[in-house]
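Q: I would like to learn how to read a few features of a structural model, going from single residues to a helix, a sheet and a chain contact. Could we work through them in turn?

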Amino acid sequence: MSTRLANKGRLVDTSKPLSFTFNGKNLRGYAGDTLASALLANDQMLMGRSFKYHRPRGVVASGAEEPNALVNLGREGRFEPNQRVTTTSLFDGLEATSQNHWPSLEFDVGAVNARLSKFLPAGFYYKTFMYPRAFWKHVYEPVIRHSAGLGKAPKARDVDTYEHFYAFCDVLVVGGGVAGLQAALTAGRSGARVILLEQTDHWGGRAPVDGGQINGGTVDAYIAETLDALRSMDNVELRLRTMGAGVYDHGYALGYEQLSDHAPGTPGPRHRLWRIRAAQIITATGAIERPLSFAGNDIPGVMLASAVRDYVVNYGVSVGDRTVVVTNNDNAYLTAIALKHAGLDVPVILDARVLPEDLGLVAQAKALGIRVMMGHAIASVKGGKRVTGVTVCAQAGEGAVLEEIPCDAVAMSGGWSPVVHLWSHCGGKLRWDTAHACFSPDADNPPKGADGMGFVTAAGAASGMFALDDVLNDAHVAAEGVVTCLDMKLPKDVAAPKAERREESPLAPVWMMPQGAPAKLREKAWLDYQNDVKVSDVRLAAQEGFVSVEHAKRYTTLGMATDQGKLSNINGLATLAGALDAEIPAVGTTTFRPPYHPISLASIAGEAKNDIFQPIRRTPMHDWHEANGAEFEPVGQWRRPYAFKRGMESTHDAVMREVKNTREKLGLLDASTLGKLIVKGPDAGKFLDMMYTNMMSTLKVGKCRYGLMCSENGFLIDDGVVARIDEDTWLCHTTTGGAESIHAHMEEWLQTEWWDWKVYVANVTEQYAQVAVVGPNARKALEKLGGMDVSKEALGFMEWVDGTLGGFPVRVYRISFSGELSYEIAVDASHGQAFWDALMAVGADLGAMPYGTECLHILRAEKGFIMIGDETDGTVIPQDLGLNWAISKKKEDYLGKRAQERSHMTDPSRWKLVGLETTDRSTLPDGAYAVAEGTNENGQRNMIGRVTSTYHSPTLDRGVAMGLVLNGPDRMGEVLTFPGTDGKEYQAKIVNPVFYDPDGEKQNV
Amino acid sequence: MSKPVTALGGASDATGIATVTEMGPMGMITLRGDLSVKAVTKAAVAAGGVTMPDQRMCNTEGAGGIAWMSPDELLIMCDYEHVHAKLADLQGKLAKEHALAVNVSDARAVFRVSGPHTREVIAKLAPVDMHPGSFTPGMFRRTRFAQVAAAFWMVDDQTAQIICFRSVAQYLFNTLNMAAQDGSLVGHFSKA
């Protein structure tokens, strides 16, 4: 069994006991524990079930590479699935539950898959669920999705907050082990701005566990001294619980800081995403130990040798009383020695190598009386939910059992792989290191910046240096190199610290144990624990032709789980290489992509949640609207009132009332959101003639003209009223959504094409609150405000004038989008609400009511006015809409002119705008299509038109609609059929789109 | 004439690690023109009451000031009450030049973030190197704060003044306060 030892670990504080629960069971741990060490201390070895076969699984590792031990953490607003117990700091009150089992962790029905594993090899799903085709969506996928999957998706809203932080530095060092500390120290001494990130909650990495001497003292003493030196430097920032998550172009890197995961509920953000720009990056990310591939290597109790050692030394937790060590290198002997020193039993070290002499750690282990079997291997592990023993065989053979050794834990080591992820994210190349049987950063091919120079340097174990002295020296040299790149200088007396060297025998690569393992053993030898990929699956993939490592990965799902194959990748591709009789470097690796270890989606969203999820633009009268029953609709990022509801009135009734009131009395519309661009200069007229299809240069000062704007391809992109302000100046109104894009459109043409034209543009949209005063009583209202002459004679239709109304300096445009007598009045935004209040006050006796965008739509549709985005969809040209009158024939050119002369654009069969009038006065469904006889080549009914705008008109008490119809204007009076999605068919007659006041008498009074 | 009302009526929040206050109303004029033409800069200097700032800098004094916005654009600052007169004067002086001067005082909202942790609050929202050695008072940046466009400068080492569009004033106020929330001190620019 696993338990807490009497000799406490170096990281736990036994004076601070903590309580937590696992699957509802109350357990105890100490401050400094990870959830993994605390569970082990409580003899909870079984922690989860695998993804495909639901095999019982325990913890394998002690860090970020852990594939198995994932749990649901927390509850309600702080519930989070797939949390690694090895990277979860224990806190008082922590609640964890295991995943992927039913009904319980101990008894799981899904484990029947494991018995069927012979029938569920790689590619099983692809092959089996192909036919019949329709079954995939409705039968297979729902069933498979239900049975697979790890954690549950959270149901409650996340109660925490998150933030970003932009930081800039000369040198970013990722990894706070001894290499990272030394690199930061060397770089810091040069005066460079340094940021050092460490993923865990403590400095020094695994060097203190592995022991040795630095500068004649302990590793812990070196770490303490180095930290003191770093903390005294103002140019160095040290950050614990912050992972270097990714490296991107131009020295951009992401750091993921977990501020309160170890103390939920602490005020402030939970995670902080560091968005760092570094001139140079040093990756001191260490190395990850590889598992060995032997039968039963996934049974709980089989762990990485380094993890077994970490639990004993760091947390004072023994994984078992009797631990068999199996290895192909010297490093695992440290585990045997550490266990022995902790008073635990190591019945045997199975070393796959046959060494000529006992050096260093091997000699030390033997001197402690540990039995060492050279050239031996594990044939298979015994046990179900827990290791009970191993059978021993010769590594060179096919697994004939020589001996069975009872034990309750196995510590395995297949060698070490440098963590090259961050080096590789942005294109750093790897080389195969034959001596250590691993891929290491190729220092000659680093990720390169815009200047063609490398901007990432790997240091220490991450660069393939494993001996302590090499690690420290490499880190120092890496930092020196970086300092040189930055054109900075180190003080003269700075040198790398010296560490004591151990005598070491070389590693022997072992990719299968035993070397000649038959199929029976291969299909129990796991490569990817989380996704249940075994040696046999990778061999099958190779046999079936998936020779590329990327294809084999996707076929088998090797390395595709939430751990992204940190343990399985190298073993998997070595297995693939073996099956293909190819060299490992020739097979290559899969692509390393950020993040290194999962980060929360919320940290990426940062502060953008709840009321600041996205900017909502508000007009100066927004608060008034809110207080007066406005139901808002989004228009771009603005919120505009859709209708103003009174009392218990329905939205529909409110809209009908607003339309009637505006037609009969007086309506007020907040039109502040419409874009307003000032265009000025000696060439402004010429410029606007190019931007609009109409002639704007001839517009007289004081007059307004409705204009259309097209893209180079001839399609309508915007419309609005243009006013000539003075000889050199025009004011262009745009649609609400078009203000920014049309401003950019104008600037683009001015800056890239007509850079020599003398024109300046300024966007003054938000300078003004603009109110449309609409209806038969509009003039009376303005006259009551007083201050200027707004009579027909003084201010005719399509004219503007500056003046004063009710004491407010205003600009009044006599324009109409409703067909009524209408003024649009612009006032400085800071006076917008006051002006609105003044209008409401004088309008009280005149029947003034505010109206919203839906009323606006009905008013314009009754008049047959088009709306950009309703009648247009990016494929419509002005000619389609019968707007030929707004296209100047006198101009040589305008944007879109040539495009509109293309054959397809002049094709007479283009659908054209008409009015549509239902025969029974009902309202056509929006977007409905008109159908004709017969079917097209796809077997669909032939279509000859579609509805673009449709409303119930309270003025006419019937449905009014516009649509684009084949040969529409030539088919007046014809009745078309529009099938609705409600099963009904609607009949509508083609009519003139102007339903109301076709002679324009009402707006021209 | 009514009293001018800013977007948030001078809202202020001092509950977090920095104080966020809406300022104004303030007079602002956008001037576009050729900055190498003496008449243009002379008129700008007369309106702003300060000397011409260098590229990416601003000069301010009291309510007056000039900020460099782009190679052909300046932002001239003055008292809100004086903006119409200043604008008319500026337009008069530039009548013979190709230049565009418009009043944008009401199109904007202005905030101040103040306190010893101002730099950290800004660095959470704007991709700007806020290190005290890198961004010093007198420098001016057109950038973004989270999802909206903004421009800002440091009035002194502990005070930033930020200009954004009026319509997003509420968003920026809420976002600045979130960035300044209690317990969110980073300790990056000064060791905590």
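Q: Where should I place Met798(A) on the scale of exposure, given its C-beta neighbours inside 10 Å?

A: This is a predicted model, so everything said here concerns computed coordinates. Met798(A) has 18 C-beta neighbours inside 10 Å and therefore counts as partly exposed, since a residue is called buried at 20 or more and exposed at 12 or fewer. The residue lies in the loop between α23 (778-785) and β42 of chain A, and its phi is positive, at about 65°, although Met798(A) is not a glycine.

Q: Which value does phi take in Asp43(A), and where does that residue lie?

A: Phi of Asp43(A) is near 60°, which is again a positive value in a residue other than glycine. Asp43(A) belongs to the loop between α1 (35-41) and β4 (46-49) of chain A, and with 13 other C-beta atoms within 10 Å it is partly exposed.

Q: Turning to the peptide bond, what is omega for the bond from Met513(A) to Pro514(A), and what is it for the bond from Gly24(B) to Pro25(B)?

A: The bond from Met513(A) to Pro514(A) is cis, with omega near -10°, and Pro514(A) is found in the loop between α12 (468-485) and α13 (519-522) of chain A. In chain B, the bond from Gly24(B) to Pro25(B) is cis as well, with omega near 5°, and Pro25(B) sits in the loop between β2 (19-22) and β3 (26-32) of that chain.

Q: How do I read the two sides of a helix, and which residues of α7(A) are buried?

A: An α-helix has 3.6 residues a turn, so residues three or four places apart point the same way. Helix α7 of chain A, residues 219-231, has 13 residues and reaches 18 Å from its first C-alpha to its last, close to the 18 Å expected at 1.5 Å a residue. Its buried residues are Val219(A), Tyr222(A), Ile223(A), Thr226(A) and Leu230(A); because they cover an arc of only 100° around the axis, they lie on the same side of α7(A). On the other side of the helix, Asp228(A) and Arg231(A) are exposed. The elements covering the buried residues include α5 (178-189), α6 (207-210) and β13 (236-239) of chain A.

Q: How should a sheet be described, and what is the order of the strands in the open sheet of 6 strands in chain A?

A: Strands of a sheet pair through backbone hydrogen bonds, either parallel or antiparallel. Here the order is β42-β43-β44-β41-β35-β45 in chain A, with mixed pairing. The edge strands, each pairing on one side only, are β42 (800-805) and β45 (848-850) of chain A, and the twist averages 30° from one strand to the next. Strand β35 (residues 666-670) of chain A runs parallel to β45(A), to which 3 bridges join it, and Leu668(A) stands opposite Pro850(A) in β45(A). Helix α20 (residues 651-664) of chain A packs on this sheet, where it touches β35, β41 (768-774) and β45 of chain A, and its direction makes about 115° with that of β35(A).

Q: Finally, how many residues does each chain give to the contact between chain A and chain B?

A: The size of an interface is often given as the accessible area lost when the parts come together. Counted by residues instead, the contact takes 40 from chain A and 41 from chain B. On the side of chain A that touches chain B, the largest share, 6 residues, comes from β9(A), and by class that side has 18 nonpolar, 12 polar and 10 charged residues.

Note on methods: Residues numbered from 1 in each chain as written. Chains lettered and ligands numbered in written order. Predicted model: local features only at pLDDT ≥ 70, side-chain atom pairs only at ≥ 80, totals over all residues. Helix = DSSP H or I, 4+ residues; strand = E, 2+ residues; numbered from the N terminus. Expected span 1.5 Å × (residues − 1). Arc of directions from axis to C-beta. Contact = placed C-beta atoms within 7 Å. Nonpolar A, V, L, I, M, F, W, Y, C, P; charged D, E, K, R; others polar. Pairing = 2+ DSSP bridges. Axes fitted to C-alpha atoms, helices over the stretch in contact; angles between N-to-C directions.
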